[in-house]
Amino acid sequence: MKDLRETVRYMMTPGPVEVSPRTLQALSSPVVHHYSQGFIDFYDETTGMLKKVFQTKKDLIIMQGEAVLGLEASVANTIDPGDRVLVLDNGPYGAWFGIYVENHGGEVVRLKEEYTRALDPDKVKRVLEKEKNIKVLTLVHMDTPVGIVNPVEEICKTAKKHGVLTIVDSVAALGGMEINPDRWNIDICICGSQKCFSSPPALCPVSVSREAWSAMEKKKRPIKMSYLSMLDYRDTWIKKRVFPFTPFVSEIYAIHESATEILEEGLLNVFARHRKVADAVRDGVEAMGLKLWPESRSFASDTVTAVRVPEGIDDEKLREIMAREYGVLIAGEVPGLKGEIFRIGHMGYSARMENALVAVAALEKALLRLGFPVKEKKGVEKVLEHL
Ligand SMILES: Cc1ncc(COP(=O)(O)O)c(C=O)c1O
């Protein structure tokens, strides 16, 4: 098949990320029938491994679709028309939960925060004390377009005290940064295969608590026999060992291999690697005279670095030069913040020092080309200090 990468050799986007060579190889394994005993055992093993990466003992389902399927399904399966949902909004993905809520007839109670800051648990507490009958709270663990990590543990603890169900989008953090659905009181925790797992975009693993299953059952009209249904996974696969529909066999091979790689390295080592690479990239971009988008490093993500586009620089041109001349693909195009942010992803297989070095070097060169007064090699030197 034709190689579609064109000039790109370093996919430093915040997802999809470069698929690891082992996972690529797993993808090419022969496709077996999904009801062969071998595959059923393999699927079970995959679920068990994903639970380890999630650090959960709750049920885990592998929804078949891009991560947004899990985001919409988490809302659709838990709310009835008229239910009130507290939507925590300090980034584009946080805001989009509000659209799912409205699409499914819920009432949005929105707590907005500056897109340069993490959510404030005290503000959440005050809203929960003031507002009555909030059924569900939604938040994003790490809002990728702005590169900000939220205090999920504290917020969900408060939500639980108020009997509120918690939905957390950890699509771009789980597998790269600490999260613990059980200890952190997360009822529905959503991930995606194409981020820290370094698998292709295809699967959406979701952990589901007993309280969440119960809310789904108690809905006036529970969602069943639907691609959005979470109950279908429980009632067929978990209870009866029957798949709700044909599983994506090859994608299960892929995520099994990705989870194997993560567990072989060890979760703590994986988190430490992401931190190390993130620190190097952050130091590198700041040494060039650029500003990070998050107001404080204390809530800057370890899986992506969001950077302010300097005045007078066309970020599209910047990204184009990086990709064409140096083979480094980074991301921009943040909805509502066009031309203000560019993002260097360092998640999963892309979270490697050599990638950090190449990305920072290419960024320096491209900025120089566009006339930004960067001190050449200063960023690179900073990254080298982290090796
Ligand atoms: C926080 C977050 N949630 C969900 C998604 C899934 O959306 P997409 O369709 O862009 O992969 C992403 C992807 O970037 C994300 O970063």
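Visitor: Which residues surround the ligand?

Guide: In this predicted model, the shell around the ligand consists of Gly15, Glu66, Ala67, Val68, Tyr93, Val140, Asp143, Thr144, Asp169, Val171, Ala172 and Gly192.

Visitor: How do the residues of that shell divide into nonpolar, polar and charged?

Guide: Six are nonpolar, three are polar and three are charged.

Visitor: Into which domains is the protein divided?

Guide: Domain 1 is made of 10-17 + 266-385, and domain 2 covers 31-263. Taken over C-alpha atoms, their centres are separated by 28 Å. Domain 1 puts 28 residues into the contact and domain 2 puts in 27 residues.

Visitor: Which elements give two or more residues to the side of domain 1 that touches domain 2?

Guide: They are helix H10 (267-287), strand S11 (304-308) and strand S13 (341-345). H10 has the largest share, with four residues. By residue type, this side of domain 1 holds 18 nonpolar, seven polar and three charged residues.

Visitor: Which members of the largest nonpolar core touch the most other members?

Guide: The core has 125 residues, and the ones that touch the most other members are Ile190, Val281, Met322, Val328, Ile330 and Ala359. Helix H12 (residues 353-369) gives the most to this core, namely nine residues. The core lies between domain 1 and domain 2, because both give residues to it.

Visitor: Take Ile330. What is Ile330 in contact with, leaving aside its neighbours within four places in sequence?

Guide: With those neighbours left aside, the contacts of Ile330 are Met12, Thr13, Arg319, Met322, Phe342, Arg343, Ile344 and Ala359.

Visitor: Met322 is on that list. Is Met322 buried or exposed?

Guide: The test is a count of C-beta atoms within 10 Å, where 20 or more makes a residue buried. Met322 has 28 such neighbours, so Met322 counts as buried. This residue lies in helix H11 (residues 315-326). Leaving aside its neighbours within four places in sequence, Met322 is in contact with Val328, Ile330, Ala362, Leu363 and Ala366.

Visitor: How many residues apart in sequence are Met322 and Lys382, and how far apart in space?

Guide: They are 60 residues apart in sequence, and 19 Å apart in space from C-alpha to C-alpha.

Visitor: Where does Thr138 lie, and is Thr138 buried or exposed?

Guide: Thr138 is part of strand S5 (residues 134-140). The same count applies: with 27 other C-beta atoms within 10 Å, Thr138 is buried. Apart from its neighbours within four places in sequence, Thr138 is in contact with Val85, Val87, Leu88, Phe97 and Ile167. Pro151 is 13 residues from Thr138 along the chain, and 13 Å separate their C-alpha atoms.

Visitor: A helix can also be read by its faces. Which residues of helix H7 are buried?

Guide: In H7 (residues 210-218), the buried residues are Ala212, Trp213, Ala215 and Met216. They lie on the same side of H7, because they cover an arc of only 160° around the axis.

Visitor: Which exposed residues does the face of H7 turned away from its buried side carry?

Guide: That face carries Arg210, Ser214, Glu217 and Lys218.

Visitor: What do the buried residues of H7 pack against?

Guide: Their partners are strand S8 (165-169), strand S9 (188-190), strand S10 (203-208) and helix H8 (231-240).

How values were computed:
Residues numbered from 1 in each chain as written. Predicted model: local features only at pLDDT ≥ 70, side-chain atom pairs only at ≥ 80, totals over all residues. Core = buried A, V, L, I, M, F, W, Y, C linked by C-beta atoms within 7 Å. Buried ≥ 20, exposed ≤ 12 C-beta atoms within 10 Å, placed from the backbone. Domains from an automatic or database assignment. Contact = placed C-beta atoms within 7 Å. Near = placed C-beta within 6 Å. Nonpolar A, V, L, I, M, F, W, Y, C, P; charged D, E, K, R; others polar. Arc of directions from axis to C-beta.
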